[in-house]
Amino acid sequence: MSKREMLLRILCILAALAAVIWIADSLGEEELDYQTLYVMCRPKSFVNVREFPKKKAKEVGRLECGDEVLTLNEKRGKFVKIYGPTFECGTCWVHRGYLTDEKPDVYEDGKAYTVKAKGRVALRRYIRGARRAWIKPGKTLTVYAITSEWALTNRGFIMTEYLEEVESEQVYDGAADAA
């Protein structure tokens with residue numbers, strides 16, 4: 001190997017080392033994107049906290065309706081990474097369909113709301129999830145948790161813009177309108 005080839009290899013190694021140091025330094029300066037979210041589920045119920053972002057992953061904890069969680073900017077499918085020092089895994093995973101931006105009001109016995117819309121309204125399996133059924137205007141639903149954007153009934157989530165609180169004791173569970 002000539003001196004010129006040897007010098008060229010050394011320069012390549014030094015350039016690669018400088019690139020690695022620059023990348024490591026820039027990653028160290030990057031702040032993690034944390035967000036505070038709240039759990040929205042039925043009263044006296046819970047959402048499973050998982051060790052990994054899989055439905056059948058080991059359950060390492062439970063979150064109740066209204067619990068505050070600190071989420072990291074990392075998502076895998078329907079799961080979001082959360083930080084919780086009370087869980088044995090430190091950073092764990094929870095289904096993002098049960099997390100909302102604001103703390104929900106919780107009604108243990110439920111509260112009656114009537115659907116007010118010009119047409120049918122989608123009942124969703126999760127917050128921002130797939131449609132589970134259609135609900136016709138005028139139907140009365142029992143709501144167990146509510147925010148300014150979403151309400152949780154016994155069959156799923158519905159946007160609150162289509163609901164109006166009622167005093168009536170008549171309650172509808174939506175079974176007849178399942179799609």
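How much accessible surface does the protein have, and what percentage of it belongs to carbon and sulfur atoms? The accessible surface comes to about 11700 Å², and 50% of it belongs to carbon and sulfur atoms.

**Figure 1. Overview of the predicted model**. The structure shown is a predicted model. The protein has 179 residues, of which 37% count as buried. One helix and 14 strands make up its list of secondary-structure elements. Take the contacts between residues at least 6 apart in sequence: 59% of them join residues at least 24 apart.

**Figure 2. Cys-41 and Cys-65, two cysteines without a bond**. The sulfur of Cys-41 has its closest cysteine sulfur in Cys-65, at 4.7 Å. Seen from Cys-65, the closest cysteine sulfur is that of Cys-41. A disulfide requires the two sulfur atoms to be within 2.5 Å. The 4.7 Å separation is therefore too far for a bond. The disulfide count for the model is zero. Cys-41 is buried, at 4% relative accessibility. Cys-65 is buried as well, at 17%.

**Figure 3. The surroundings of Thr-160**. Thr-160 sits in the loop between strand E13 (157-159) and strand E14 (163-165). Is this residue buried or exposed? Thr-160 is buried, because its relative accessible area is 14% and the cut-off for buried is under 20%. A polar atom of the Thr-160 side chain lies 2.6 Å from the backbone oxygen of Ser-148. Ser-148 is also among the residues that Thr-160 touches, leaving aside those up to four places away in sequence. The others in that set are Ile-146, Thr-147, Glu-149, Trp-150 and Ala-151.

**Figure 4. Thr-36 in strand E1**. Strand E1 covers residues 35-39 and includes Thr-36. Thr-36 is partly exposed, with 34% relative accessibility. Which residues does Thr-36 touch, not counting those up to four places away in sequence? They are Glu-68, Val-69, Leu-70 and Asp-101. Val-69 is 33 residues from Thr-36 along the chain, yet their C-alpha atoms are separated by 5.7 Å.

**Figure 5. A nonpolar surface patch with Ile-10**. Met-1, Met-6 and Ile-10 form this patch. Together the three residues have about 320 Å² of accessible area. Ile-10 belongs to helix H1, which spans residues 3-29. Its relative accessible area is 42%, so Ile-10 counts as partly exposed.

**Figure 6. The salt bridge of Lys-44 and Glu-108**. The model has three salt bridges. In this one, the closest N and O atoms of Lys-44 and Glu-108 are 3.6 Å apart. The pair links distant parts of the chain, 64 residues apart. Lys-44 is in the loop between E1 and strand E2 (47-50). Glu-108 is in strand E8 (residues 105-115). Both Lys-44 and Glu-108 are exposed.

**Figure 7. The salt bridge of Glu-165 and Lys-111**. The N to O distance between these side chains is 3.3 Å. Glu-165 lies in strand E14 and Lys-111 in strand E8, so the salt bridge ties together parts 54 residues apart in sequence. Glu-165 is partly exposed, at 41% relative accessibility. Lys-111 is partly exposed too, at 27%.

**Figure 8. The salt bridge of Arg-62 and Glu-59**. The side chains meet at 2.8 Å, N to O. Arg-62 counts as partly exposed, with 49% relative accessibility. Glu-59 is partly exposed, with a relative accessible area of 33%.

Technical notes
Residues numbered from 1 in each chain as written. Predicted model: local features only at pLDDT ≥ 70, side-chain atom pairs only at ≥ 80, totals over all residues. Heavy atoms only, no water. Buried < 20%, exposed > 50% of the residue type's maximum accessible area, 1.4 Å probe, protein only. Helix = DSSP H or I, 4+ residues; strand = E, 2+ residues; numbered from the N terminus. Polar contact = N/O pair within 3.5 Å; in protein donor to acceptor, adjacent residues only side chain to side chain. Contact = heavy atoms within 4.5 Å. Patch = residues over 30% accessible without salt bridge, like charges linked within 9 Å, V, L, I, M, F, W, Y side chains within 5 Å. Areas by Shrake-Rupley, 256 points an atom, 1.4 Å probe, with all protein chains shown as cover. Salt bridge = Lys/Arg side-chain N within 4 Å of Asp/Glu carboxyl O.
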